[in-house]
Amino acid sequence: MALRVIVAGAGIGGLCLAQGLRQAGIEVTVYEQDPAAFARGQGYRLRIDRHGTAALRDCLPPDSFARYEQTANPPYESIGAVYDHHLEVRYQHAQRSTTWDPANAARGVNRLTLREVLLGGLADVVRFDARVTGFDLRPGGVRVRLDGGGTDSADLLVGADGLGSAVRRGLVPEAEVLDTGLRAIYGMTPLDDALLAALPPALFGGSCPVQGPERRTLALGSYQPVRSPAEFDLTPVPDYMKWTLVAPMATYSMTEPEFWSAAPERLLTEALRCVADWHPALVDLVHRSDPAVTFPLAIRAAAQLPELPAVPVTLIGDAIHATTPVGGTGANTALRDAALLRHHLDSADGLVDALTTYQAEMRDYGAAAARNSLRGAETIFRCDPLPI
């Protein structure tokens, strides 16, 4: 089908879609509000599961997919172990298997590295410093409004612009996002020899939640790739441990306005206060982290997913079914959306059929992902029960 597609947002999902559309010979332009790919910190380690890997395989050129695999962690088998703040196992959801399939296993990736891989070959497609602020439907397509007064037109607009999506507000303004009441401090600690020797082996491999008093949880995940990104002329990244301290706002020693305006150094000091009586290796991990990359987060997720209207505008990723960080489903669901939408745009008889089929399938698994992530937040982060 001869189409021109505009994608709002050059995150993981938007770029994967752009790559897939390029592979299918569909014209695409991506508008991204950031002035450059590296303009701001956007987090570190991501867990890519079998759905995410399958989507990347479907949408990327073979050499780019190989680059993704080589700059990711080796595949691992998740057993869902949860630890207490003394690093004793509280429980685990599964036992290790002797028959697990590495091809369907999860991998840890560095977000910036994956984004660089996804940007490969798209220099003429991605427009940075150009934010989509809204759209107007017109006969045969859609006109996109850009920050600063500019416009562009296409057959289809795809909102991949995250939790605060301007496209979602224009398409389904009734869509709600639930706030769990949890706030997080996000940090990263380079893994040097001393820290590697001090940290228990149990903390490496998959994601590892550590539950402490006062409903505080330290979610950990290591990045130790098969090969360094620098070997592929990508931004050098040292091996590291990503940590996210998640807790109810009331357990922090600052007000919510202070929390959001706090300098990185103060956030790190607050995180150290919260884990001061935890296992010495965990205290040392937080103490050694890089203050410059410490930032605050709110833990939110989509409520009920609305039915999308039959217009040439659709949504992928957090713009429609935002998830909590539990299980790392957010990036994977966005990648799955991208591959699914690309498939239907490439194979359906017309745009209406492609969108109808895509949206029905996406709402089914996307709603399940959002709902399960909220239930997971109740279990792992111990937030109050949520009305879902």
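Select Thr-71 first. In this predicted model, Thr-71 has 4% relative accessibility, so Thr-71 counts as buried, the cut-off being under 20%. Thr-71 belongs to a loop. On one side of that loop is helix H3, residues 62-70; on the other is strand S4, residues 81-84.

Now show what surrounds Thr-71. Skip neighbours within four places in sequence. The contacts that remain are Thr-113, Tyr-223, Pro-225, Arg-227, Pro-229, Phe-232 and Leu-234. Display them as sticks, with Thr-71 in another colour.

Next stop: a sheet. Select residues 132-138, which form strand S8. Add strand S9, residues 141-146, and strand S10, residues 151-154. These three strands make an open sheet in the order S8-S9-S10, and the pairing is antiparallel. S8 and S10 are the edge strands, each pairing on one side only. Turn the view to look across the strands. On average, neighbouring strands of this sheet are turned by 25 degrees against each other, direction ignored.

Zoom in on S8 and S9. How many bridges join S8 and S9? Six, in the antiparallel sense. For one bridge, pick Leu-137 and look for its partner in S9: Val-142.

Last stop: helix H12. Select residues 351-381 and switch to cartoon. Where does H12 bend? Centre on Arg-363: the helix bends there by about 25 degrees. Then follow H12 to its end. Arg-382 comes next, and its phi is positive, near 60 degrees. Check that torsion in the viewer to finish the tour.

Notes. Residues numbered from 1 in each chain as written. Predicted model: local features only at pLDDT ≥ 70, side-chain atom pairs only at ≥ 80, totals over all residues. Heavy atoms only, no water. Bend = angle between axes of the 7 residues up to and from the residue. Helix = DSSP H or I, 4+ residues; strand = E, 2+ residues; numbered from the N terminus. Pairing = 2+ DSSP bridges. Axes fitted to C-alpha atoms, helices over the stretch in contact; angles between N-to-C directions. Buried < 20%, exposed > 50% of the residue type's maximum accessible area, 1.4 Å probe, protein only. Contact = heavy atoms within 4.5 Å.
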